[in-house]
Amino acid sequence: MDALHWWRQGDAVTQGTALVLLAMSVASWVVIVWKLRLMRQASADVARCTAAFWQAPSMEVAAQRLQSFDRAALVLPLVVAANSIANHSLPDAPASLASAGSLSQRLTRVLRDALHGVLGRLQFGQVLLATVGSTAPFVGLLGTVWGIYHALTAMAGAGQITIDRVSGPVGEALVMTAAGLAVAIPAVLAYNVFGRLIGRIEADLEGFARDLRELVIDTAALQSLAGTTEGLSNASRPAAGPPQGGSAPMGGSEPRAAGSVGA
């Protein structure tokens, strides 16, 4: 009843401020619930996917295994990006600048882009939580100041002012400050907790991307060395000559000794 009385007695500014706080609270709690689920999946999937990757016999098999493990799609984009470079299956044209660099440069570029996409998914909603946590107290304070001003203006023309008549409207106006704090505190706490979890997952993903880059480079170097060794061994083999003790070619005649006289 008191809340309805406060709502009816408030003007457009007070009611608008209350609606803004309500929208901020709903939005922040939706993000908090969604990120709780995402962080729980990410913390478990990153460790599980990295272990499954290093136990796979090849990158193709690892990419197939990660499709069932990586529910949040955090590790699989890195593996797919590195595998595209390892197999020379970039979507760019052969004459483009993307394929003109060395293997190390191309790996760094595609892994960086994939890592940025993954981190952008993890950090989604952090800006909203930071904005709500920093602005909600001031929005509530605005509603309080405006409510007190509105109450004092209404009582100014009533003649005699007593403490009973002042305490009621002022107390109702102070509810806006409490509402602003109630909206801001969960958002600030969630922002700090999620930021720490995201930083830990980001460090794990950066380490995995660095190890993946070194793996592809070393594998390509070993394959190139094996191909060079095979080519040198083939070149050093003697050419196959005619069999010894064989007859003269067909249709030919043996040469006569120098100085022989014919019959």
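This report walks through the fold, the core, one helix and a surface patch of a predicted model.

## Overall layout

Start with the big picture: this protein has 7 helices and 0 strands. Read from the N terminus, the elements simply go α-α-α-α-α-α-α.

The chain has 263 residues, and 30% of them count as buried. As for the contacts with a separation of 6 or more, 76% are between residues 24 or more positions apart. The accessible surface adds up to about 16500 Å², with 64% of that belonging to carbon and sulfur atoms.

## The nonpolar core

The largest nonpolar core takes in 52 residues, and V75, L78, V79, L122, L205 and L212 have the most contacts inside it. At least two residues of this core come from each of α2, α3 (59-69), α4 (76-86), α5, α6 (126-156) and α7 (163-236). Helix α7 gives the largest share, at 13 residues.

L78 is a handy place to look around. Once you skip the neighbours within four places in sequence, L78 is in contact with L111, A114, L115, L205, F208, A209 and L212. Two of those partners, L205 and L212, are themselves on the list of residues with the most contacts inside the core.

## Helix α5

Helix α5 covers residues 103-122, and its length checks out nicely: at 1.5 Å a residue, its 20 residues should span 28 Å, and the end C-alpha atoms are indeed 28 Å apart.

Which residues of α5 are buried? They are L103, R106, L107, V110, L111, A114, L115, V118, L119 and L122. Among them, L111, A114 and L115 are in contact with L78, while L122 is one of the residues with the most contacts inside the largest core.

## Q126, a buried glutamine

Q126 lies in helix α6. Is this residue buried or exposed? Its relative accessible area is 9%, and since buried means under 20%, Q126 counts as buried.

Leaving out the neighbours within four places in sequence, Q126 is in contact with K35, Y191, F194, G195 and I198. K35 falls within the stretch of helix α2, residues 12-55, while Y191, F194, G195 and I198 fall within the stretch of α7, 163-236.

## A nonpolar patch on the surface

Out on the surface, L19, L22, V26 and V30 make a nonpolar patch of about 380 Å². V26 is found in helix α2. At 47% relative accessibility, V26 counts as partly exposed, because that label covers values between 20% and 50%.

Terms used: Residues numbered from 1 in each chain as written. Predicted model: local features only at pLDDT ≥ 70, side-chain atom pairs only at ≥ 80, totals over all residues. Heavy atoms only, no water. Helix = DSSP H or I, 4+ residues; strand = E, 2+ residues; numbered from the N terminus. Expected span 1.5 Å × (residues − 1). Buried < 20%, exposed > 50% of the residue type's maximum accessible area, 1.4 Å probe, protein only. Patch = residues over 30% accessible without salt bridge, like charges linked within 9 Å, V, L, I, M, F, W, Y side chains within 5 Å. Areas by Shrake-Rupley, 256 points an atom, 1.4 Å probe, with all protein chains shown as cover. Salt bridge = Lys/Arg side-chain N within 4 Å of Asp/Glu carboxyl O. Core = buried A, V, L, I, M, F, W, Y, C linked by side-chain atoms within 4.5 Å. Contact = heavy atoms within 4.5 Å.
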